[in-house]
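Student: Before we look at the contacts, I would like to go through how each term is justified.
Tutor: Then let us take the terms in turn, with the model in view.

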Protein chains: 2
Amino acid sequence: MIERIHLEILRAVEEHGSLTAASKKLHLTQSALSHSMRKLEEQLGVEVWLREGRTLRPTQAGEYLLAIANRLVPQLEHAEKRLRQFAEGERGTLRIGMECHPCYQWLLKVASPFLAAWPGVDMDVIQKFKFGGIGALFGYEIDMLVSPDPLYKTGLTFEPVFDYEQVLVVGDDHPLCRARYAKPEQLSGEVLITYPVPADRLDVFTRFLTPAGISPRQHKEIETTDIMLQMVASGRGVAALPRWLVEEYRSRFPVYPVRLGKGGVQKQIFLGIREADADIDYIRAFLEMARSHAKDAFKRARK
Amino acid sequence: MIERIHLEILRAVEEHGSLTAASKKLHLTQSALSHSMRKLEEQLGVEVWLREGRTLRPTQAGEYLLAIANRLVPQLEHAEKRLRQFAEGERGTLRIGMECHPCYQWLLKVASPFLAAWPGVDMDVIQKFKFGGIGALFGYEIDMLVSPDPLYKTGLTFEPVFDYEQVLVVGDDHPLCRARYAKPEQLSGEVLITYPVPADRLDVFTRFLTPAGISPRQHKEIETTDIMLQMVASGRGVAALPRWLVEEYRSRFPVYPVRLGKGGVQKQIFLGIREADADIDYIRAFLEMARSHAKDAFKRARK
DNA sequence: TTCCAAGTGGATGCGTTCGATCATGGCGTT
DNA sequence: AACGCCATGATCGAACGCATCCACTTGGAA
């Protein structure tokens, strides 16, 4: 078996010229190096060095093994470095699962300060799960789930981090443009634009239209928020989005938020993690930043 | 220090599911595995597995280390194999990666004279890569890449070894059978048979149909050249293959090559190697034989 | 549904084996 | 002749194996 020590010896001998010198670098004795290399040579049936007097000249096999060593040893060293960083909690990948499109928009706002504050932590966002977001959390496919649907179950912890209102978005020449709120039946002749997810996962259906027994004239699915709002702005339809998101886009598009029903549709975003991970520092930090960001957003909204 | 045994243990546990099962594969006891991994964990300060009851679930650090293991251990195993070959006077194994089906047909023609001329060198052909052919070259999974797409990048050398023309293949009762060349629109009603690779990797699409905005009536994928040409011969569709390949099959099937467009689709096969390997004698020899074979083929074609 | 027993898998303490060290010898260079 | 370097044989510590313990899972009977 080629062991790491053999590769290290080859490199050290190449660098320092002799077994004795190499032994000092490797904090072993010259004897140990001699023994182990000879054993390897016996196992493989190949001489690694030609012993010419007191100098060691690599054979062809030795050159080959040296090339292997120069390639693999640095990788091992780098791996050790990274794992030690893991140990200090400063290294890892925070894999975040998303279960809703507005969540993604919200996440982007938290992500950049987090990445700045934790330069050692990478972030990955995953939106496709084999067995749903909860399954992904339990199955260690992700470390954090951003979702509007909390699940209080043993092993997981969900925490609300952001309250918002889901509103209707209309263009500036739309009849509802200046209305205090929209009634379900006022959408029966409209084109409703949503993200491409099943209707039973869309609040505008489950908490607004369906209870009133209303369907829109047409239901279009669009992936990106920008295009969606351009469609709305040009009078091609209406959409349902978080109010804070609409407010941000109002400077770029002539769109208006309209309350969905008299009381509006109130929503929360939850962050879920495994209880076992609750005391990982960068996970705590992410939760903390998510909460404080929510407060800031709230303050801005009251101004 | 991360030793080889740690990497082996990680791989074996991943494969067999438990330390006990892994210990059998590694010809060690469960105790030894437990001891060494715990020592590594203490040295690095990182848990490699979460011990949840009697199951071992890799942590992020464990997953990371497993990825390292899956990359490095095969290289060590291959190195051992090669060194043993050295011991028996053999020279090594030339691992050739293929990125296109016609390349494989071409390779077969070069392989037999090479193996005859270099009895000490084995050959292995690999067609599945995790990170593409270039990645396999860089990652020392292969020593030579046969590909129609060269990549001139530091560390690698690509060299064209064979020019050929990609042609349409039709059966003897096909209207295009005696045509000087085919126009894209003449394929709009046809069944096009190709190897099972994405359309954007097929020249008949990228350099013939797609520029003209044409799609075939149907697109079928078939793995083997023989079956493909039998389909073509029986009038079940048309295919696109190298001209020299079609010429060889014409003695066995009633099939005809037809130029793709007025100018035809001209192609080259490239051989790529690592620059570091450029002066290994049998690699130079292979390149030389590949070039000379191309010349012979050219001469034969002119007869 | 609850309980218990059997079976399985990981952790751990202690004895043995293997590898590193030490001491020494051989050989070539200076 | 003296020094430096590698090789080799005998002693000491670390790693492996054995036996055992403990935790968890499973299946069947109460």
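Student: How many residue pairs in polar contact are there between chain B and chain A?
Tutor: There are 7 such residue pairs between chain B and chain A, with both residues at pLDDT 80 or more; a polar contact is a pair of N or O atoms within 3.5 Å, where within protein one must be able to donate a hydrogen and the other to accept it, and residues adjacent in sequence count only if both atoms are side-chain atoms. This is a predicted model, in which local features need pLDDT of at least 70, side-chain atom pairs count only at pLDDT 80 or more, and totals for chains, interfaces and linings use all residues. Residues are numbered from 1 along each chain as its sequence is written, chains are lettered from A and ligands numbered from 1 in the order in which they are written, and side-chain values use heavy atoms, with hydrogens and water left out.

Student: What is the count of salt bridges between chain B and chain A?
Tutor: The count is 0, where a salt bridge would require a side-chain nitrogen of Lys or Arg within 4 Å of a carboxyl oxygen of Asp or Glu.

Student: Which element gives the largest share of the side of chain B that touches chain A?
Tutor: That element is α4(B), with 17 residues; helices (H or I, at least four residues) and strands (E, at least two) are DSSP runs, numbered from the N terminus. By class, this side of chain B has 17 nonpolar, 5 polar and 9 charged residues, where Ala, Val, Leu, Ile, Met, Phe, Trp, Tyr, Cys and Pro count as nonpolar, Asp, Glu, Lys and Arg as charged, and the others, Gly among them, as polar.

Student: What makes Thr20(A), Arg51(A), Thr29(B), Ser31(B) and Lys39(B) stand out around DNA strand D?
Tutor: Of the 19 residues around DNA strand D, these come nearest, and a residue is near a strand if one of its heavy atoms lies within 4 Å of it.

Student: Why is the pairing of Ser31(B) with a base nitrogen of DNA strand D called a polar contact?
Tutor: An N or O atom in the side chain of Ser31(B) is 2.8 Å from that base nitrogen, so the pair satisfies the cut-off for a polar contact. Thr29(B) has a side-chain N or O atom 2.9 Å from a phosphate oxygen of DNA strand D, and a polar side-chain atom of Lys39(B) lies 2.3 Å from a phosphate oxygen of that strand.
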